[in-house]
Amino acid sequence: MKSFLKYTLATMVGFILVIFLWFLIALGMVSAIVASSDKETVLKDNSVLEIKLDGEVVDRSTDNPFENLDIPLLSSTKKIGIDLLKESITKAKNEDKVKGIYLRIDDVSAGYADCEEIRSALVDFKSSGKFIYAYSETYSQKAYYLASVADKIFINPEGSLMFTGISSSTPYFSKALDKLGVEVQVIRHGKFKAAVEPYILDKMSPENKEQIETYIGSIWNNVLGEIATSRNTTVSALNSIADENMYFRHARKLISNNLVDSLVYEDQVLDFLKSKAGIESKKDIPFVTVSELKNVPAKRESKGLAKNKIAVIYAAGEIAMESSSSMSEEGISGLALSKEIREARQDSSIKAIVLRVNSPGGSALASELIWREVKLAAEQKPTVVSMGNLAASGGYYIACAADSIVANPTTLTGSIGVFGLIPNANELIDGKLGIKNEVVKTNKLSDMPSLTRALTDEEEQIMQEMVENVYSTFVSHVAEGRNMTYEQVDAIGQGRVWTGENALKLGLVDKLGDLDDAIAIAKNMAKLDTYRVVKLPKETDPIEELMKGFSTKMKMSILEKELGSAVKYYKSLESIKNSSGILARIPHGLELE
């Protein structure tokens with residue numbers, strides 16, 4: 001007994017010491033992070049901006065020093081904001097001490113529309129006459145798309161380049177659900193509403209295949225067109241290269257096909273950069289990172305701080321009625337984002353609103369709340385939508401009332417359609433687990449919907465009427481906002497996904513461009529000579545945000561480490577499980593490679 005108590009006490013003391021040491025380490029890391037985030041960067045002569053993109057690319061950066069902290073392991077998980085990246089590229093363009101950009105990119109965790117926006121900023125940078133050079137041991141397709149803007153593209157002599165075209169992969173769960181004894185009952189409007197297919201089919205429908213072929217073809221042709229212009233080749237030649245092989249095993253073929261300029265090692269590239277930046281061979285290149293350039297003091301303007309504001313309101317993620325904030329990792333809160341737009345509308349110092357939408361959709365009711373506030377805002381002051389990678393289904397729902405809609409050519413949008421999912425798990429619960437569910441009710445529909453039985457014909461009709469009503473409202477909103485007839489919208493609706501390039505021809509968007517173009521349109525509509533951009537929602541207190549997201553981050557970190565790339569399937573099923581009401585959403589797990 002004494003030995004047991006001794007070992008138990010020793011274990012408890014050891015555990016307490018470990019927790020205390022963990023706390024001290026965490027406190028030290030937090031202090032270091034806060035200190036480094038506020039440190040002013042002093043540029044050296046002949047500096048070169050190094051862009052790596054070695055993290056997840058998101059729409060908006062944050063000043064929260066804990067944003068990139070992996071809570072369970074206290075390690076860094078990078079997130080790169082397109083807004084910060086573009087601001088840094090513009091600052092590098094205007095800073096005399098920055099001589100050029102070094103693209104050190106092997107892969108990019110971003111969609112094609114994100115890449116397109118970054119690439120446009122690099123093209124603008126080149127107008128300054130400064131250089132851009134790219135090097136990597138291996139280029140992914142998206143990395144090469146960005147690198148193609150460079151004055152010269154370098155690759156390791158034994159390196160490789162992925163150039164295969166675009167594919168779209170969709171997981172289908174119906175057989176797995178059959179084995180579990182779960183039937184997913186689907187009520188929908190729209191023959192192209194492919195979001196429901198993974199739960200009821202084991203392969204792609206002809207309608208879904210048709211729409212995917214259309215939009216990935218549109219994206220690929222746009223990518224090829226830009227690469228062809230930069231590399232002085234043709235789309236036909238690039239397609240022939242893509243058809244030949246998954247990747248070039250011998251980098252020499254990259255030269256003969258005009259995809260790269262030289263086969264060199266990085267030390268040779270660095271020597272080349274030194275000569276172009278005017279740096280002595282024995283000295284190191286004063287590289288500056290995107291985050292460091294952010295902390296370079298901005299050049300003062302004699303005009304002072306502009307009184308008039310353009311509010312850029314970010315709406316990213318799935319749309320639900322509630323979440324912790326309208327900018328939370330969980331997605332868009334219909335209640336919180338509606339309030340944000342309303343307050344911007346009522347703020348007399350805000351002369352125009354730009355809503356940045358990057359969403360696959362979600363709750364139709366939450367989308368309706370946001371749509372209403374966008375409509376009211378557009379009636380009072382210029383309101384413009386900028387679309388990111390996705391502004392589809394509910395993402396288009398909240399955009400359609402704006403005065404003007406701007407999309408990248410490779411944005412996925414449209415998907416004007418709605419659906420409802422009701423699982424029937426009776427076979428699992430009763431047949432496999434042996435749990436019998438007995439119901440006592442006052443009226444015949446009191447237990448509708450039920451997870452332990454199929455819908456009756458009457459219940460299915462009621463659900464179908466709900467879906468039809470929501471679809472009718474959705475189409476009517478689009479028709480009103482886009483000055484089209486109901487029939488015109490219905491013809492291009494039915495849940496079909498389009499690219500921004502397609503959507504422009506169909507009248508669903510007004511202009512192809514990025515967030516800067518949307519801001520410029522808002523500025524002209526508001527007739528502003530001077531203005532400043534304010535980003536909304538305002539960021540919450542970093543400590544509060546850290547503690548609020550602790551459990552969620554810990555859970556997801558563990559799942560990602562255990563499941564690896566398969567975690568996306570978990571997220572898809574978890575999202576459906578937590579969904580309620582009628583949904584306006586594109587397929588879960590939609591990925592373009």
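Hi everyone. Let me start with a cut-off: a residue counts as buried when its relative accessible area is under 20%. Keep that in mind as we look at this structure, which is a predicted model.

First, Asp 59. At 10% relative accessibility, Asp 59 is below that cut-off and therefore counts as buried. You'll find Asp 59 in the loop that runs between β2 (56-58) and β3 (69-70). Which side chain does Asp 59 make a polar contact with? That would be Asn 358, at 3.4 Å. Leaving aside neighbours within four places in sequence, the contacts of Asp 59 also include Gly 81, Ile 82, Asp 83 and Asp 114, and Tyr 314 and Arg 356 are on the list too.

Two of those names take us to a pair of helices. Ile 82 belongs to α2 and Asp 114 to α3, and both take part where these helices meet. Helix α2 covers residues 82-94, and it packs against α3 at an angle of about 10°, with the axes 9 Å apart. An angle under 35 degrees counts as roughly parallel, so α2 is roughly parallel to α3. On the α2 side, the residues involved include Leu 85, Ile 89 and Ala 92; on the α3 side, Ile 118, Leu 122 and Phe 125 are among them.

Let's stay with α3 for a moment. This helix has 15 residues, 112-126, and spans 21 Å from first C-alpha to last, close to the 21 Å expected. Is α3 largely enclosed or largely open? Of its 15 residues, 11 are buried, so α3 is largely enclosed by the rest of the structure. Charged residues appear in that buried set, including Asp 114, Glu 116, Glu 117 and Arg 119.

Now for the nonpolar side of things. In soluble globular proteins, nonpolar side chains tend to be buried together. Here, the largest nonpolar core has 63 residues, and Leu 49, Ile 51 and Phe 163 have the most contacts inside it. Helix α7, residues 206-231, gives the most to this core, with 9 residues. Apart from it lies another core of 54 residues, with Tyr 397 and Val 475 among them. Back to Leu 49: beyond its sequence neighbours within four places, it touches Ile 89 and Ala 92, as well as Val 288 and Leu 293, among others.

Last stop, Val 260, in the loop between α9 (252-256) and β11 (262-263). Val 260 is buried, at 2% relative accessible area. Its C-alpha is 5.0 Å from that of Ile 153, although the two are 107 residues apart along the chain. Leu 161 and Arg 231 are also among the residues Val 260 touches.

Thanks, everyone!

Technical notes
Residues are numbered from 1 along each chain as its sequence is written. This is a predicted model: local features need pLDDT of at least 70, side-chain atom pairs count only at pLDDT 80 or more; totals for chains, interfaces and linings use all residues. Side-chain values use heavy atoms; hydrogens and water are left out. Helices (H or I, at least four residues) and strands (E, at least two) are DSSP runs, numbered from the N terminus. The expected span of a helix is 1.5 Å times one less than its number of residues. Buried means under 20% relative accessible area, exposed over 50%, partly exposed in between (1.4 Å probe, protein chains only). Contact means heavy atoms within 4.5 Å. A polar contact is a pair of N or O atoms within 3.5 Å; within protein, one must be able to donate a hydrogen and the other to accept it, and residues adjacent in sequence count only if both atoms are side-chain atoms. A nonpolar core is a set of buried Ala, Val, Leu, Ile, Met, Phe, Trp, Tyr and Cys residues joined through side-chain atoms within 4.5 Å. Axes are lines fitted to C-alpha atoms, for helices over the stretch in contact, and angles run from 0 to 180 degrees between N-to-C directions. Angles under 35 degrees count as roughly parallel, over 145 as roughly antiparallel, 65 to 115 as roughly perpendicular and the rest as oblique.
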